[in-house]
Amino acid sequence: MKAEIYGVDEADFRCAGCLAAKKLFTEAGIEFEFNKVLTRGPDDFPVYNLEIIDSLVKRAKFPNRQIVYPVVFIDDTIVRIKNLQATLYEMGYDVDPPQN
């Protein structure tokens, strides 16, 4: 399985969805690649990595750069963060079953 997260690292800014995705993959024992879409600049303002963002826009066929993070891919298929736990559970990974 190839797992990837595009998002914001907690060392720079808080992204609850990014933290949740990392936690789910880690608890399931799944290695993942984390692509930082922005970092904290020297003046504490965000610095966007437009190269990564533009590659994500193209890859995901998004209409523009207005993206809600995190964006999660499992084997090149986008999985919405709200469905990630259920997807991993259905794939047989040891995560708690999703609550409805």
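Phe73 of strand 4 has Ile78 as its bridge partner in strand 5, strands here being DSSP runs (E) of at least two residues, numbered from the N terminus, and helices being DSSP runs (H or I) of at least four. This is a predicted model in which local features need pLDDT of at least 70, side-chain atom pairs count only at pLDDT 80 or more, and totals for chains, interfaces and linings use all residues. Residues are numbered from 1 along each chain as its sequence is written, and side-chain values use heavy atoms, with hydrogens and water left out.

Let us look at the neighbours of strand 4. Two strands pair if DSSP finds at least two bridges between them.

| Pair | Sense | Bridges | A bridge partner pair |
|---|---|---|---|
| Strand 1 and strand 4 | antiparallel | four | Ile5 and Val72 |
| Strand 4 and strand 5 | antiparallel | three | Phe73 and Ile78 |

The hairpin of strand 4 and strand 5 has two residues between the strands, and Asp75 takes a positive phi near 50° there. Strand 4 is covered on both faces: Val71 and Phe73 are buried on one side, Val72 and Ile74 on the other. Buried means under 20% relative accessible area, with a 1.4 Å probe and protein chains only.

Now step back to the whole sheet. Five strands make up an open sheet with mixed pairing, in the order 3-2-1-4-5. Strand 3 (46-48) and strand 5 stand at the edges with a single partner strand each, so one side of each has no neighbour in the sheet. From one strand to the next, the twist averages 30°, as an angle from 0 to 180 degrees between the N-to-C directions of axes fitted to C-alpha atoms.

Strands 4 and 5 also appear in the largest pocket, which holds about 180 Å³ of space. A pocket is an open set of points on a 1 Å grid over the protein atoms alone where a 1.4 Å probe fits, with protein on both sides within 12 Å along at least five of seven lines; lining residues have an atom within 4 Å of a point. Strand 4 (71-74), strand 5 (77-79) and helix 3 (81-90) each supply at least two lining residues. The lining includes Phe62, Tyr69, Val72 and Ile78, and its residues divide into 10 nonpolar, no polar and two charged.

Finally, the structure holds one disulfide, a pair of cysteine sulfur atoms within 2.5 Å. Cys15 and Cys18 form this link with their sulfur atoms 2.4 Å apart. The link of Cys15 and Cys18 is right-handed, with 65° about the S-S bond, and both Cys15 and Cys18 are buried.

Key
Buried means under 20% relative accessible area, exposed over 50%, partly exposed in between (1.4 Å probe, protein chains only). Grid points are joined across faces, edges and corners, and a volume is the space filled by probe spheres set on the points. Ala, Val, Leu, Ile, Met, Phe, Trp, Tyr, Cys and Pro count as nonpolar, Asp, Glu, Lys and Arg as charged, and the others, Gly among them, as polar.
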